[in-house]
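Trainee: Could you take me through one part of this model slowly? I'd like a close look at the aromatic rings and who sits beside whom.

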Amino acid sequence: RSMFLARRWFSIATADWVKAQLAGANQHFELLDTEFRIVSVDALAAGHLRVEDRQERDSFAKLATGRVIHVFVTGRLDDVDIPGNEIYGVAWRSSSNVKLIILSTQAWERTLAHELGHVFGLPHSTYPISIMNKTDRKDPPPEQRTFDPKELVAMKPRILYFAKSGALADRR
């Protein structure tokens, strides 16, 4: 099953960075028989090299059309809940109820997978193995973290719903 991503990115995001994010997401979703592919790449205005507030996040909603998961990439992404902090990514529901993902080019390779976990219904977790766990920890090391088996079970019905309902393209 393939779910399609429309990526809107800036020249600040290299092709290698985009490939690494996509490869990381596909690695983590492989056990759910789900693959993500890029269907389009559009450059956005340079004014969004840093996304600072809710209004800027909401401004992406008008660009999110079609049956894909929209991923917007920016150089910097401010934390709207903690002034002065930056974050690596967010699964954002706009004020017009459009859900999309915004990633910072500072993001780790597993950040897109983490945000897709939110799209498919996962909250942050306390499972040590989980990429949904945001706590600072040494064990397991980051390269060994993935979804906990309970999280995979929780996401499966939501992924099937998205595919069967036509909310996302499903190209087996």
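Mentor: Sure, ring rules to start with: rings of Phe, Tyr and Trp (its six-membered ring) pair if their centres lie within 6.5 Å, and planes under 30 degrees apart count as stacked, over 60 as edge-to-face and the rest as tilted. By that rule, the structure holds eight aromatic pairs. One of them joins F29 and F120, edge-to-face, at 5.9 Å centre to centre with 65° between the planes. F29 belongs to helix α1 (residues 15-29) and F120 to the loop between α3 and α4 (149-165), so this pair ties together parts 91 residues apart in sequence. Helices here are DSSP runs of H or I, at least four residues long, numbered from the N terminus. This is a predicted model, where local features need pLDDT of at least 70, side-chain atom pairs count only at pLDDT 80 or more, and totals for chains, interfaces and linings use all residues. Residues are numbered from 1 along each chain as its sequence is written, and side-chain values use heavy atoms, with hydrogens and water left out.

Back to F29: it is buried, with a relative accessible area of 0%. Buried means under 20% relative accessible area, exposed over 50%, and partly exposed in between (1.4 Å probe, protein chains only). F120 is buried as well, at 1%. F29 also pairs with F147: the ring centres are 5.1 Å apart and the planes at 75°, so that pair is edge-to-face. F147 sits in the loop between α3 and α4, 118 residues from F29, and counts as buried at 3% relative accessibility. Put together, F29, F36, F120, F147, Y161 and F162 form one aromatic cluster.

Technical notes: Helix = DSSP H or I, 4+ residues; strand = E, 2+ residues; numbered from the N terminus.
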